[in-house]
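Q: I would like to learn how to read local features from a model such as this one, going from single residues to the packing of helices. Could we take the cases one at a time?

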Amino acid sequence: MRQPLRPHPLLAVPDFRNLGVMLRILLSLNLLLLCSAVFLPDGDTLTLRILSRASWVEPSLLLSLGLLALLSPWLARQRRGSWLVLALCMACVLVQDRLLNPLELPRLDRPLLAALLAWLLLHYFSLRQRALSPALGEARLAALQARIRPHFLFNSLNAAIALIRSRPEKAEMVLENLADLFRAQMADPGHASSLEREIELARMYLAIESERLGQRLNVVWDIQAALDASLPPLLLQPLVENAVHHGVERCGAGGEIRIRAQLKSGQLLLSVSNPLAAEAGEPHRGNRIALDNLRERLELFYDAEASLQVAAADGQYHTLIRLPYRPLSRQQQSTLLH
């Protein structure tokens, strides 16, 4: 039974390590600084006004962001984390004023202004979190979750029926893999998966399709990444399904699918390449919908830290997903196992 949702707090503490959160804070405060310089003249030129305001805004802003990113996991566990954020921002401004103006009396207007701006930003993140509340987020994730196409279901069942008499063990394998894929589809879309599990599901799908396509389907795996990497559920299998359905299946002689995973500069790179059919022009509508859904799921999970790129070159269609590498926590591993 689902527990009732708790009311959203007035101030929400975001993950300050997230690139999207940092960019929103930097852009909003620098835009406010620019507006202040433009609309509040004090006799100096616009350039001097901007430099004057930036001289005390930027150092304390960067110091605050650095400390908040460092303390973000700890702040998220505190009941009064939002008030600690306000206190930290005020402290950074006070420290900067003491270092730049050690002979002057402490001023309270700047720390209070920093606290007010921090309060407004935390309230904005609270409103944003409310817009992506657990109920709404789960509903959107469930709607965006990759669906097994009807043609694949019918083809798989027909393949199993054809194998029942001649090769019953293969028919059993097809049905078991199909059941596992549907089980993954029905799992909680809010729970994280792992690279190992995503590869396992993709192999199950390819094992089923290989019974239908035979030697027309060739797969090359190149896995050079930690298998405990945390991923949104059913991220790899839809890419592989697109590669089969819109690539190999449309080529008369079949083709080769290359699946690669690697770690680079703290990021996990997942790429899938498949041959382009000779008559292929614009990407198939179903392919575009699947890729758009994956992009939106990545945005829900990672904000601006993840991306999905596609390119067609040298008769190949390449799909690349880039996302931050985060190993599964013990709690996530326990959830995945059960």
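A: Let us begin with burial, keeping in mind that this is a predicted model. A residue counts as buried when its relative accessible area is under 20%, and leucine 234, at 1% relative accessibility, is therefore buried. Leucine 234 lies in the loop between β3 (230–231) and α9, and its phi is near 55°, a positive value in a residue other than glycine.

Q: Which other residue has a positive phi although it is not a glycine, and is that residue buried or exposed?

A: Serine 265 has a positive phi of about 55°, and it is placed in the loop between β4 (255–264) and β5 (267–275). The cut-off for an exposed residue is over 50%, so serine 265, with 76% relative accessibility, counts as exposed.

Q: What does the side chain of serine 60 reach, and where is serine 60 placed?

A: Serine 60 belongs to helix α2 (residues 46–77), where its side chain reaches the backbone oxygen of valine 57 at 3.1 Å. Because its relative accessible area is 6%, serine 60 is classed as buried. If neighbours within four places in sequence are left aside, serine 60 is in contact with Cys92, Val93 and Gln96.

Q: How should I read the packing of two helices, and at what angle do the axes of α8 and α9 cross?

A: One looks at the approach of the axes, the angle and then the residues in contact. The axes of helix α8 (residues 195–213) and helix α9 (residues 236–246) come within 8 Å of each other and cross at roughly 25°. Angles under 35 degrees count as roughly parallel, so α8 is roughly parallel to α9, and their crossing is right-handed.

Q: Which residues make that contact, and how many of them are nonpolar, polar and charged?

A: On the side of α8 the contact is made by Glu198, Ile199, Leu201, Ala202, Tyr205, Leu206, Glu209 and Leu213, while α9 contributes Leu236, Gln237, Val240, Glu241 and Val244. Sorted by class, the contact of α8 with α9 has 9 nonpolar, 1 polar and 3 charged residues.

Q: How many residues apart in sequence are alanine 290 and glutamate 241, and how many Å apart in space?

A: Separation along the chain and separation in space are best read together. Alanine 290 and glutamate 241 are 49 residues apart in sequence, and their C-alpha atoms are 9.9 Å apart in space. Alanine 290 is in helix α10 (residues 285–302), and with a relative accessible area of 17% it is buried.

Methods. Residues are numbered from 1 along each chain as its sequence is written. This is a predicted model: local features need pLDDT of at least 70, side-chain atom pairs count only at pLDDT 80 or more; totals for chains, interfaces and linings use all residues. Side-chain values use heavy atoms; hydrogens and water are left out. Axes are lines fitted to C-alpha atoms, for helices over the stretch in contact, and angles run from 0 to 180 degrees between N-to-C directions. Helices (H or I, at least four residues) and strands (E, at least two) are DSSP runs, numbered from the N terminus. Angles under 35 degrees count as roughly parallel, over 145 as roughly antiparallel, 65 to 115 as roughly perpendicular and the rest as oblique. A crossing is left-handed if the near helix is turned anticlockwise from the far one by less than a right angle, and right-handed if clockwise. Contact means heavy atoms within 4.5 Å. Ala, Val, Leu, Ile, Met, Phe, Trp, Tyr, Cys and Pro count as nonpolar, Asp, Glu, Lys and Arg as charged, and the others, Gly among them, as polar. Buried means under 20% relative accessible area, exposed over 50%, partly exposed in between (1.4 Å probe, protein chains only). A polar contact is a pair of N or O atoms within 3.5 Å; within protein, one must be able to donate a hydrogen and the other to accept it, and residues adjacent in sequence count only if both atoms are side-chain atoms.
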